[in-house]
Amino acid sequence: MKCLLFLLAAPLFVTAQTKQVGGQIRDGNNEVLADASIVLLDSTYQQISETKTDRAGKFEVSLLQHSKYYLKASHLNFGFLEIFFYSDTIKSPLMLTLLPKAKELAEVNVVGRQPRLIRKLDRLEFNVQNSNLSALNTWDILKRTPLVMASGSDLMVRGSKKIMLLINDRKVMLSGDELKTYLENTAGNDVQSIEVITNPPAKYEAEGSTVINIKLSKSTLYGYRGTLLALAERSTTWKQLFGLTQYYRNEKFNLRGTYNFGRGTYARYETNYVYYPKEQTSWEGTMDRFDTNNSQNSYVLSMDYTPDSTWSVNAGLNGYYGPKSYGIYEVPTVIYNKDRVQESSYFTTNDHERSNKTNNFYLQVTKKLSPKWSINWSSYFTSSHASNDQDVLTALDFKGEQPSSTRFISDNDSKNRLFSSQLDVTGKIKGLEVEFGGKFSAVKTTSDLLFSDDESGTLQHRPDKSSLFDYKERNVALYTSFSYGWKKWSWKAGLRGEYTNLEGIVSEPKDINKKDYFVLFPTFYMQYALADQQQFGFSYGKRISRPTYSWLNPAKSYYNLFSYFQGDPRLRATIVHNLNLTWTKNSWNVDLFYRFEKWPNMEIALQDNVNHQLIFQYTNIKKGQGAGIDLGKSVQLTSRWGLNLQLEGMYNENYFMGSDAVLHKNDVYIGNGNISSSYVLDKNAGWNVELGNSFTSPTIQGPFRITGYSSTYLTTNRKFFNKKLEVNLAFMDIFRTEKMRISSKYADQDNYFDDYQDTRKVNVTLRYHFGNQKIKSSNQPTKTEEQKRL
């Protein structure tokens, strides 16, 4: 702790080789332009500084030696001018001329553009705005993001599911199917880019081995405009989505309101198998799930207020409300003897209803203290409430027994509350960029399970199978980081310290778990730029992965009479170490990586061979590690035809303690990737087509082995009526190959289930743009680095 406080208090004074470059802005009549905006950006197009010309139209900027820059000049009544230059060769003074702009300029839309992949010092940015992928929903865009793979309703990066998902740098309090549903109802044209941060810097929470940050786009148009959305989708069932997004912007206010309404029936197909060695019997079941949800409501309200160039206030609300999702699962299970002759069976009917409501409120205030220093305060409050009620009837027809039936009812209600507040200070001391701050967060979650069954002959409440779980967690963090560039070198180092205090109370069986711990998380990045557009990089980061709150609940949540889910209130947090070596040249991207995990927490299946039960548990395994290489290449074959290639190869291993009390090793070599090609059929009509395939070879998760799968898709998009109407047609998982088998086979364990989530589908999306679609002003308030991520 003393070390951390010392780093916060003691700035590093390093003298950088800098040069001052001045210039002057004039109009077409050679008159000086006062109060023109001058924005300096680095080679990755990230803003470094902003200034205004004085009364004589003059300005001055500070440059690091041996660096590349963009400089953008603009004025209210003139068009903008942008230049690219090297600091070593630029001549001072710069004499720039701005020409009067037309009264109205059409908004720029790049038709048929390939998604742009940008390698930054500490992250990979996948820019999809106005690309072919914009017509998909956000979940489908995520599945096609480099380094990201989807396994059912879970996201994975380099074989790890320990991912923290952010939207505009704010944590999303959803996971699994709830997160998938929310992102499926978020239109892809709202997405500007997706950042994959495998070694997140000290500013971010240390949670998760990887951070995925979805950056939603902001309107650059002044005045009022809007977009109407309608989507129809057909897989084995029908789904619809309708939405309205409205924008209003002037010199000080930027307002946005989005509402999407979805409805439909969702299918999932599963077969399961368990072999019990003592009786030499195999239990085989088929479960076709159909859940109807005819009221899926997602909404976004946001306001940006910029009274002047030094202040900005951002506030908003986003959320999801699904009041009722319901279905009846009919699950026949057949029991075969060793000769494959049926000897018993049972039939399960699961009548269930679920609901979910999540709201996230946020407030952010940014103050620019000086041209080099700014302070940012942000807070958010998240509230979620979910219920899952089920009535399960099982008809039994076992060998040597009279046919019978049994019934149980479970009502599970859970609530989560999260408050977080963070203060960040950024600035420059000569050539050194400094960032430091702190964060406080508090979480409270409760889960109430009421269980009744007819074991006594009539349906009665069972206190021994019911449970109340109450969990509280508080986290205090301090961090600091420093960035420095010298000649062709760039460095960034940071240190974050997090103190965690938690308390979990379980009513049945009675248990209290109290724990507090403090952990330091160092990060380091280095990048070297060569003259021929090549860059080499190295990074290291230490992370932590804390269990999801529901994983800590030890109450048994039954799927049927012979299978249930159970958490562990004493799950350990996983410590993760990440190492990366990167090389980029033009559109090539190569990333060598290594990951080590101590006490990974994950879901495993454990079969009870005595009571004939299959138990899904969250637990810790001893350790895991993986190493591999990521390759990325984008090629523009012609002015109309583009090709994008992403490949990954890795070795992954897990060590786990089996049911036989023996340490087992599970390892695999993995290859996965995405290949896509796009072609512009008609530029004037905005008509393009894209064909792609995503694939992965078999993977592992603790004792599980998961088969590989692939998915082929075809999308086409065309604009009509002066580009006011957009029509998109998409064919997803054309060959119905997004299937997988999850199996566990060692010692006395032998079980698997086959899973297919109805991913072969056709959807038609219509978007109609109305209101102002023209740029009326280019004198937009300059944003700080924090604001640009919103």
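Two strands count as paired when DSSP finds at least two bridges between them, and strands themselves are DSSP runs numbered from the N terminus. With these terms in hand, the tour may begin. The structure on display is a predicted model.

**First stop: a hairpin**

Select residues 311–336, which form strand S21, and then residues 342–368, which form strand S22. The two strands run antiparallel and are joined by 24 bridges. To see one pairing at the level of residues, select Gly 319 together with Asn 359 of S22, which stands opposite. Next, move to the turn of this hairpin, where 5 residues lie between the strands. Select Arg 340 there: its phi is positive, near 65°.

**Second stop: the next strand along**

Keep S22 selected and add residues 374–397, which are strand S23. Here too the strands are antiparallel, and 24 bridges join S22 to S23. The pair forms a hairpin, with 5 residues between the two strands. Within it, Ser 355 can be found opposite Ser 387 of S23.

**Third stop: a patch of charge**

Which residues gather in a patch of negative charge on the surface? Select Asp 351, Glu 353, Asp 389 and Asp 411 to display the patch. Asp 351 belongs to S22, the strand already visited. Is Asp 351 buried or partly exposed? Its relative accessible area is 38%, and because the partly exposed class lies between 20% and 50%, Asp 351 is counted as partly exposed.

**Fourth stop: a nonpolar patch**

Now select Phe 361, Phe 381, Phe 419, Phe 440, Val 476, Tyr 499 and Phe 518. These residues make a nonpolar patch of about 590 Å² on the surface. Centre the view on Val 476, which lies in strand S27, residues 467–486. Val 476 has a relative accessibility of 40% and therefore counts as partly exposed.

While a strand is in view, follow its side chains: in a regular strand they alternate between the two faces of the sheet.

**Last stop: an open sheet**

Finally, turn to a sheet of 6 strands. In what order do the strands of this open sheet lie? The order is S9-S10-S15-S16-S13-S14, and the pairing is mixed. At the edges are S9 (116–119) and S14 (170–171), each of which pairs on one side only. For a detail of this sheet, select residues 191–197, strand S15, and residues 210–216, strand S16. They run antiparallel and are joined by 6 bridges. Val 196 has Ile 212 in S16 as its bridge partner.

Conventions: Residues are numbered from 1 along each chain as its sequence is written. This is a predicted model: local features need pLDDT of at least 70, side-chain atom pairs count only at pLDDT 80 or more; totals for chains, interfaces and linings use all residues. Side-chain values use heavy atoms; hydrogens and water are left out. Patches are made of residues with over 30% relative accessible area and no salt bridge: like charges are joined within 9 Å, nonpolar side chains (Val, Leu, Ile, Met, Phe, Trp, Tyr) within 5 Å. Accessible areas come from the Shrake-Rupley method with a 1.4 Å probe; for residues, only the protein chains shown count as cover. A salt bridge is a side-chain nitrogen of Lys or Arg within 4 Å of a carboxyl oxygen of Asp or Glu. Helices (H or I, at least four residues) and strands (E, at least two) are DSSP runs, numbered from the N terminus. Buried means under 20% relative accessible area, exposed over 50%, partly exposed in between (1.4 Å probe, protein chains only). Lys and Arg count as positive and Asp and Glu as negative; His and the chain ends are not counted. The place of a charge is taken as NZ of Lys, CZ of Arg, CG of Asp or CD of Glu.
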